[in-house]
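Q: Could you take me through one part of this model up close? I'd like to start with a single helix and then see what is packed around it.

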Amino acid sequence: MKLFYTPDIEQSYLLPDEEANHAIKVLRLKKDDEITLMDGKGFFYEAKISDIRGKKCEVEITGKSAWEKTWRYALHIAIAPTKNIDRTEWFIEKAVEVGIDKITFIKSEHSERKAVNMDRIMKIAVSAAKQSLKGTLPEINGMTDFNDFVRAATEKNRLIAHCYDTPKTMLKDIRTYDESCLIMIGPEGDFSEEEIAEAAECGFAPVSLGENRLRTETAALVSCITVNIANQRP
């Protein structure tokens, strides 16, 4: 399948510049070749190339179909990005493949990274969505202060994973059928005790991902997979 990301296809029948370059220069597509488009908002489009002018590629829509989401919950992962950004980018790619609705980057007391390249993050998310045939892209939010974030959170299930030796519920035992779920994953140095206390005051429940100590990006991906499996229905 020749699949292209066209977020503004309802307003313009021109492929975005990067996608047009891929179609013309890499795949060497020609006029009347058939392709598939995705808008990242839940729809796929059957189309054919109607015109190529220089670096511009115009398409004609021949069909439209709605993509059916395969998970029944709304999952939001808030993650403190790792010092080595490659590891965070790996999480973005795999989380989109598994299925996720929202990602927020948070800046906590022990964070070693204060900024992320959102353009690159979005490109990775788009590529993962195309590869895994996801009809929607997750909402991805840039760096947000920890305290501001927990105070503004509205998800029905608000969870925070940490490594302190305190009572926790196993994430695998939590069911969020048809509900919103937010899981916070801390930096390499974990959340501070003060941050955990602040989250508790804002309605966050502590959760455990198991007995193994995990890297930040691994913990975030395990959370996605655990929620997905725990909420599978027969």
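Which residues of H2 are buried?

A: One thing before we go in: this is a predicted model, where local features need pLDDT of at least 70, side-chain atom pairs count only at pLDDT 80 or more, and totals for chains, interfaces and linings use all residues. Residues are numbered from 1 along each chain as its sequence is written, and side-chain values use heavy atoms, with hydrogens and water left out.

Now the helix. The buried residues of H2 are Ile85, Arg87, Thr88, Glu89, Phe91, Ile92, Ala95 and Val96; buried means under 20% relative accessible area, exposed over 50%, and partly exposed in between (1.4 Å probe, protein chains only). Helices (H or I, at least four residues) and strands (E, at least two) are DSSP runs, numbered from the N terminus. An α-helix has 3.6 residues a turn, so residues three or four places apart point the same way.

H2 has 14 residues and spans 20 Å from first C-alpha to last, close to the expected 20 Å, the expectation being 1.5 Å times one less than the number of residues. Right after H2 comes Gly99, with a positive phi of about 125°.

What sits over those buried residues? The cover includes S5, S6, H3 and H6, where contact means heavy atoms within 4.5 Å.

That brings us to the largest nonpolar core, which has 40 residues, with Leu75, Ile77, Phe91 and Ile183 making the most contacts inside it. A nonpolar core here is a set of buried Ala, Val, Leu, Ile, Met, Phe, Trp, Tyr and Cys residues joined through side-chain atoms within 4.5 Å. At least two residues of this core come from each of S1 (3–5), S5 (74–79), H2 (85–98), S6 (102–107), H3 (118–131), S8 (157–161), S10 (180–185) and H6 (216–230). H3 is the top contributor to this core, with six residues. Follow Ile77 to see how things knit together: leaving out residues up to four places away in sequence, it touches Phe91, Ile100, Lys102, Ile103, Thr104, Ile183, Ile185, Ala220, Ser223 and Cys224. Apart from this core lies another, of 15 residues, with Ala78, Phe149, Phe191 and Cys202 among them.

Next, the sheet. Seven strands make an open sheet with parallel pairing, in the order S7-S6-S5-S10-S8-S11-S9; two strands pair if DSSP finds at least two bridges between them. S7 (139–145) and S9 (169–170) are the edge strands, each with a single partner, so one side of each has no neighbour in the sheet. Further in, S8 and S10 pair in the parallel sense over five bridges, and Leu159 has Ile183 in S10 as its bridge partner. That's the Ile183 from the list of core residues with the most contacts.

Two of the helices that cover H2 also lie across this sheet. H3 crosses S6 and S7, running at about 145° to S7, while H6 lies across S5 and S10 at about 170° to S5. Those axes are lines fitted to C-alpha atoms (for helices, over the stretch in contact), with angles from 0 to 180 degrees between N-to-C directions.

One last stop, just past S10: Asp190 sits in the loop between S10 and H5 (193–201). Asp190 has a positive phi of about 70° although it isn't a glycine, and it is buried, with a relative accessible area of 9%.
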